[in-house]
Every structure is written in C-alpha cells, then in structure tokens.
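Got the viewer open? Let's take a short walk through this one, selecting a few things as we go.

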Amino acid sequence: ITDGGAVCEAFSDCNISNNVFIAAASAIDVSGLVTTVPGVGAVVNGNEIYGGSATTYGAINIINVAPGSMNASSVSGNIIHDTTSGNGIYIKRSFGVKVNDNHLFNISLASTQQSQCFLVQDSSGISLTGNQAIGCGAAGYQLQGVGNFILNDNMSLNASQQSPATSDGIY
C-alpha cells in the first residue's frame, strides 16, 4: 500500500486517532497485522479525511488484518468527505474488524470509478454498525465474498449518484 498519510504495515498494535488529513491519496493504510504478538490490533478512530483521491483502494484501507489477541481491530468515529476518487473505507482479506459510527459523505461523486462509501471484500467476522453513507459514487455498502458479518443500524442516503445509476444503498 502506498501514498498513505499514516501507514502501519506488519504490526502488532497500531493506533491512528484524532488526525486531520487533507488531500491525501490514501490517508490511512493498515496492512499485515502480526498475530503472533499479543496486542489490541489496529485502532483507527476519530480521524477526519477531507478531499483526496485514492487511486486503487480507499481513504481508509484495512488489508490482511486479523484480530489481536485481546480485541478485534476497529475503525470508528471517522469522518470522510468530499473525495474525488476511490472508496471511503476499504477492507480486504481481513478478519474480526469492527466498523462503527463512521460518517462518509460526497465520496467520489465526479469519478468515473465505481467507488463505494464502504467496500468489504474476501473477509469474515466484520461488523458494520451505526455508520452513515451519504452521497456515494456507487453503493453505500458493498459486500463481496464476505462471511459471518453483521450489518446493523446503518444509513445509506443518495447512494449511486453517478449517472446512470449503477448500484444501490446496500449491494
């Protein structure tokens, strides 16, 4: 993963909290949790991401992350808005990640990419609770190859703002 404002790769504990990222390509990249070391996993909390253009993944990327020995990794209370391309929160090949109370709006509305506010691929044990997806390039929430997941108390408004409309609120 490249072009991140904050990057954690091959880690046992990682805490990226209460930062502001302006026009970063991929503001937060978390990849490769080392599960042999006891720890709490990844915590991405309370950040604001304004603008930016993720060329491959998203504004927040969680890739190849397994749960820490004490707690699941979490992405909570983040605000992502007015991005020009890429997904909002992207999770791939990860297990046991809690995604709670994030607010995403105006995600890649002018982009020709099929960008989602929340995109989860090839993952398991993912919980999405209390999130808001308002004005997404395509789907508010897209789940592909996902098992054992919780999707509860989320909101999707004005998803698929691209013309012609290509997706729905939850896909």
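Keep in mind that you're looking at a predicted model. Start inside: the largest nonpolar core has 35 residues. To find its best-connected members, select Ile28, Val30, Ile60, Ile62, Ile89 and Phe118, which have the most contacts inside this core. Now color strand E4, residues 26-33: that strand gives the core its largest share, 4 residues. As background, nonpolar side chains in soluble globular proteins tend to be buried together.

Next, pick isoleucine 60 and show its surroundings. Leaving aside residues up to four places away in sequence, isoleucine 60 touches Ile28, Val44, Ile49, Val75, Asn78, Ile80, Gly88, Ile89 and Tyr90.

Time to zoom out. With cartoon on, the chain shows 0 helices and 18 strands. Of its 171 residues, 49% are buried. Taking contacts with a separation of 6 or more, 66% are between residues 24 or more positions apart. Switch on a surface and you get about 7200 Å² of accessible area, 50% of it belonging to carbon and sulfur atoms.

Back to cartoon, and on to a sheet. Select E2, E5, E8, E11, E14 and E17, in that order: these 6 strands form an open sheet with parallel pairing. Which strands sit at the edges? They are E2 (13-17) and E17 (150-152), each pairing on one side only. Look along the sheet and the twist averages 5 degrees from one strand to the next.

Stay at the E17 end. E14 and E17 pair in the parallel sense over 3 bridges. For one of the bridge partnerships, select serine 127 and isoleucine 150, the latter being the partner in E17.

Last stop: asparagine 131, in the loop between strand E14 (127-129) and strand E15 (132-136). Is asparagine 131 buried or exposed? Its relative accessibility is 1%, so asparagine 131 counts as buried, the cut-off for that being under 20%.

What does the side chain of asparagine 131 have around it? Draw two distances from its polar atoms. The backbone nitrogen of asparagine 102 lies 2.9 Å from one polar atom of that asparagine 131 side chain, and the backbone nitrogen of aspartate 101 lies 3.3 Å from a polar atom of the asparagine 131 side chain. Then expand the selection: beyond residues up to four places away in sequence, asparagine 131 touches Val99, Asn100, Asp101, Asn102, Phe118, Tyr141, Asp153, Asn154 and Met155. Phe118 should ring a bell, as one of the residues with the most contacts inside the largest nonpolar core.

Key: Residues numbered from 1 in each chain as written. Predicted model: local features only at pLDDT ≥ 70, side-chain atom pairs only at ≥ 80, totals over all residues. Heavy atoms only, no water. Helix = DSSP H or I, 4+ residues; strand = E, 2+ residues; numbered from the N terminus. Buried < 20%, exposed > 50% of the residue type's maximum accessible area, 1.4 Å probe, protein only. Polar contact = N/O pair within 3.5 Å; in protein donor to acceptor, adjacent residues only side chain to side chain. Contact = heavy atoms within 4.5 Å. Core = buried A, V, L, I, M, F, W, Y, C linked by side-chain atoms within 4.5 Å. Pairing = 2+ DSSP bridges. Axes fitted to C-alpha atoms, helices over the stretch in contact; angles between N-to-C directions. Areas by Shrake-Rupley, 256 points an atom, 1.4 Å probe, with all protein chains shown as cover.
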